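Please look over the sequence and the structure shown here before reading on. The report that follows starts with the ligand and then turns to the protein as a whole.

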Amino acid sequence: MPTDLNNFTILRNVLLKKGVKLVVVSKTQTVPAIMEVYRSGHKSFGENRVQELVEKQKLLTDDIEWHLIGHLQTNKVKHIAPFISLIHSVDSLKLLKEINKEAAKNNRIIDCLLQIYIAKEETKYGFNFDEAKILLHSDEYLGLNAVRIIGLMGMATFTDDKKHIRKEFHEIRNFFNELKLNCFKNKPEFKELSTGMSNDYNIAIEEGSTMVRIGTLIFGKRN
Ligand SMILES: *Cc1c(COP(=O)(O)O)cnc(C)c1O
């Protein structure tokens, strides 16, 4: 499926006006297809599998900002720690500790989002609200100094029920605000809410998204 650069340009301008960041989800897409988007002036790309991400990172230019958006196994953190720009999918303290360890080895501070479970589906990873609060108040987390939590990520239920999707995005936004007040009071870096994909990004933005992750709208349907 060819990249729809026309759609992409329109989308990018709409998001730019609203001040919402765009992560172009390039999973399963070829390097030439990514290059096409890159050449139009876009530098943030998201992948959900470490191996695919690392292969593409080697082949593409160094000024691309890579985002990991899918579930991350602790034993794979070391492969992306030298270059990853943002990890959207932190779903356990164990993983956060591993990221901290590998970040320190690379003399980096790695930006992360906590993935929050908001959908009515069994298969999705993430913390519920209570688990996230427990993590953020734990001494173990507070002792990590090579990771920086800059916000939350969430995926809504895959459904046509727009009201339901809105409710889920609304809930994660409220939770974000609560954490901002209680756990990140003097931390201006805690400002990102990564919600919204091709089918629900408009609702996500209306409900406070600062960062959308979009693949299908730009590249067409994945095989
Ligand atoms: C694949 C994926 C997306 C993009 O989905 P589209 O429907 O193609 O826009 C966004 N976020 C995550 C976590 C994904 O795995």
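How many Å separate an oxygen atom of the ligand from an N or O atom in the side chain of Arg222?

## Polar contacts of the ligand

In this predicted model, the distance between an N or O atom in the side chain of Arg222 and an oxygen atom of the ligand is 2.7 Å. The protein covers 91% of the accessible area of 390 Å² that the ligand has on its own.

Arg222 can be read together with two further residues: a polar side-chain atom of Lys27 lies 2.7 Å from an oxygen atom of the ligand, and an N or O atom in the side chain of Thr216 is 2.5 Å from an oxygen atom of the ligand.

## The surroundings of the ligand

The ligand sits in the largest pocket, and the residues that surround the ligand are Val25, Lys27, Ile69, Met155, Met197, Ser198, Arg213, Ile214, Gly215, Thr216 and Arg222. When the residues of this shell are sorted by character, five are nonpolar, three are polar and three are charged.

## The protein as a whole

Turning from the ligand to the fold, one finds that the protein has ten helices and eight strands. The radius of gyration of the protein is 17 Å, which is close to the 17 Å that the globule rule gives for 223 residues, and therefore the protein is as compact as a globular protein of that length.

The extent of the protein can also be described along its principal axes, where the C-alpha trace spans about 50 × 45 × 35 Å.

Definitions and conventions. Residues are numbered from 1 along each chain as its sequence is written. This is a predicted model: local features need pLDDT of at least 70, side-chain atom pairs count only at pLDDT 80 or more; totals for chains, interfaces and linings use all residues. Side-chain values use heavy atoms; hydrogens and water are left out. A residue is near a molecule or strand if one of its heavy atoms lies within 4 Å of it. A polar contact is a pair of N or O atoms within 3.5 Å; within protein, one must be able to donate a hydrogen and the other to accept it, and residues adjacent in sequence count only if both atoms are side-chain atoms. Accessible areas come from the Shrake-Rupley method with a 1.4 Å probe; for residues, only the protein chains shown count as cover. On a 1 Å grid over the protein atoms alone, a cavity is a set of points where a 1.4 Å probe fits but cannot get out, and a pocket is an open set with protein on both sides within 12 Å along at least five of seven lines; lining residues have an atom within 4 Å of a point. A molecule sits in a cavity or pocket if more than half of its atoms lie within 2 Å of its grid points. Ala, Val, Leu, Ile, Met, Phe, Trp, Tyr, Cys and Pro count as nonpolar, Asp, Glu, Lys and Arg as charged, and the others, Gly among them, as polar. Helices (H or I, at least four residues) and strands (E, at least two) are DSSP runs, numbered from the N terminus. The radius of gyration is taken over C-alpha atoms; the globule rule is 2.2 Å times the number of residues to the power 0.38.
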